[in-house]
Amino acid sequence: MLGLMQSGQLTVDTFLDHAATWQPGREVVSRDAAGHVTRSDYAGIRNLAKQVSAALARAGIKQGDRVATMGWNSHRHLAAWYGATNMGAVLHTLNPRLFLEQIAYIANHAGDRILLADPSCADVVAQLLPQAPGIERVIFLCDAASMPQTDYAATAFDDWIAGEPAEYAWGGFDENLACGLCYTSGTTGNPKGVLYSHRSNYLHTMLTLQADALALSARDTVLLVVPMYHANAWGVVYSAPAVGAKLVLPGPRMDGESICDLIEAEGVTYSAAVPTVWQGLLQYLRSSGRKMDTLQRVTIGGSAVPEMLVRAFRDEYGVEVTQGWGMTETSPLATLSTPSAEVAAMDDDAQVAHKIKQGRLMCGLRFKLTDDAGKPLPHDGETFGHLKIKGPTIVAEYFGGEGGEILDSDGYFDTGDVATIDQRGYMQITDRAKDVVKSGGEWISSIEIENIAVGHPAVAVAAVIGVAHPKWDERPILLCQLKPGETATGDDLLGFLEGKIAKWWMPDDILFVDEVPLGATGKIDKKLIRQRLTDYALPTA
Ligand code: ADP
């Protein structure tokens, strides 16, 4: 027997429509590269987005066509996002920080027809266009006065939509239609496209709004630091309007001072970003002596969160840190490190120990931990294995069938991460499978050593990689980037690690570098480190 309830389609136009109808005056604040602030609201963004839908339709864009954006978090980018998805087109967010060859590969593979780009990306676009002939039209996300000089045809966003009506009818299609396209950054092989559906994004939004997940509310002012091109912006482009939270879009400036200024000026209560952004903010706060009176909670994910960061934000600034884990293929959020009742009753050290695990699954998702042969492993918090995941917000196959069949016979997707799961359901990443250091048949977690090393007061960024060793297969070495003006020796660092990790985990060498390279989403770029160290030899003593 079927239920007798209405069957509205779960499409993402719902979120902006809801915000614009019931919280029309709730602010959307956007700061551009020059520091200029534009104040709008959800009613204003809906009008802009409707005009975008009309302009796209006029340009011949139909359901399923790919519309690309390349830009920082801004109100025009937000309007472009909803303008494309809500008319049934597929929004494809390109990451301007990737290498040109990767961007060209991705734009061609996606079949992008229209490109809406930030004016600061004009040079990248100039190099991209000859290599991506499918792009029919370039719109710059700015007004006529801010248009960059180009020797290719381009239109200012404000001019492009100026004559369009703000009345385009949204939604009304199947919730299983494609909605967004996002490529993994391709640390191995070519980038692969993850094609979200309206339904998967809708469900992800509902999941991430839970009190034990992002817990956003109408009273929050949300600073969206995580870029809109990074893994679906962790869904916050949907979840903030869904609850009518004030939304602050910071543009390209992510340094500590710029972030702190916005938090103060706009009364930000909640934010989300990768650890490197928060480390930069912490360094700035400590050196400037500034405080953040309004900020209450931050979600940190994308890379492991060092214990030092959790304690410093809580103890020095009264900000609660929650770690999130996920990947482009998981929409992206899947686990959060919020305390269970049992953990909340523990002493402080035990609570922090759970905060620095990647956390517990959101309802509706399932985990499997297996050995190399696919045999299930126990959830005892010690045995580590391949982490596999299943659920309605998890990828089923890559765009264009790349990589072939990617689910196992039970429908689980292999995350490429190696992890433990404890008796309380807390998952902890040991490493990415390709970054784990295999020494003498045992595995050493590069993440764990890095997290301890950044707790040393002189260290800004730490990276551990495995280097070939004739007897042990691989041995770990530690690269350190010191904070400006700080000094430390290799022996200082080894002394600091001693007793905190097993003896056989101790790095065989410590290299001080001017800069540990970060990839296009702010994570340590181990592929590049390995390339730079091809001629490196371990000390023989
Ligand atoms: P990529 O880095 O390849 O562009 P993603 O941004 O989707 O792709 O990154 C997903 C990966 O990032 C995960 O598989 C995991 O290795 C890592 N990751 C994400 N969040 C965390 C976290 N909280 N702790 C440790 N690793 C994380």
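Which residues of α7 are buried? Keep that question in mind while we get our bearings in this structure, which is a predicted model.

Let's begin with the protein as a whole. Its chain folds into 16 helices and 25 strands, and the C-alpha trace spans about 75 × 65 × 45 Å along its principal axes. A compact globule of 541 residues would have a radius of gyration near 24 Å, and the protein has 23 Å, so the value agrees with that expectation. Of the 541 residues, 56% count as buried, meaning that their relative accessible area is under 20%. On the outside, the accessible surface comes to about 22200 Å², and carbon and sulfur atoms account for 50% of it.

The contacts tell us how the chain is tied together. Take those between residues at least 6 apart in sequence: 66% of them join residues at least 24 apart.

Now we can return to the opening question. Helix α7 runs over residues 198–208, and it is mostly covered, with eight of its 11 residues buried. Those buried residues are H198, S200, N201, Y202, H204, T205, L207 and T208. What do they pack against? Their partners include three other helices, namely α1 (13–22), α3 (75–85) and α8 (236–243). Strands take part as well: β8 (178–183), β9 (193–197) and β15 (333–336) also pack against the buried residues of α7.

Our next stop is the ligand. Around it sit 16 residues, and the closest are S185, T328, D417, R432 and K523. Where does the largest share of this shell come from? Strand β14, residues 320–326, supplies that share with four residues. By character, the shell divides into three nonpolar, 10 polar and three charged residues.

Looking at individual atoms, you can find several places where nitrogen of the ligand meets polar atoms of the protein. A ligand nitrogen lies 2.9 Å from an N or O atom in the side chain of Q358. The backbone joins in too: a polar backbone atom of G302 is 3.0 Å from a nitrogen atom of the ligand, and for S303 the corresponding distance from a polar backbone atom to a ligand nitrogen is 3.5 Å. How much of the ligand does the protein bury? Taken alone, the ligand exposes 570 Å², and the protein buries 94% of that.

Technical notes
Residues are numbered from 1 along each chain as its sequence is written. This is a predicted model: local features need pLDDT of at least 70, side-chain atom pairs count only at pLDDT 80 or more; totals for chains, interfaces and linings use all residues. Side-chain values use heavy atoms; hydrogens and water are left out. A residue is near a molecule or strand if one of its heavy atoms lies within 4 Å of it. A polar contact is a pair of N or O atoms within 3.5 Å; within protein, one must be able to donate a hydrogen and the other to accept it, and residues adjacent in sequence count only if both atoms are side-chain atoms. Accessible areas come from the Shrake-Rupley method with a 1.4 Å probe; for residues, only the protein chains shown count as cover. Helices (H or I, at least four residues) and strands (E, at least two) are DSSP runs, numbered from the N terminus. Ala, Val, Leu, Ile, Met, Phe, Trp, Tyr, Cys and Pro count as nonpolar, Asp, Glu, Lys and Arg as charged, and the others, Gly among them, as polar. Buried means under 20% relative accessible area, exposed over 50%, partly exposed in between (1.4 Å probe, protein chains only). Contact means heavy atoms within 4.5 Å. The radius of gyration is taken over C-alpha atoms; the globule rule is 2.2 Å times the number of residues to the power 0.38.
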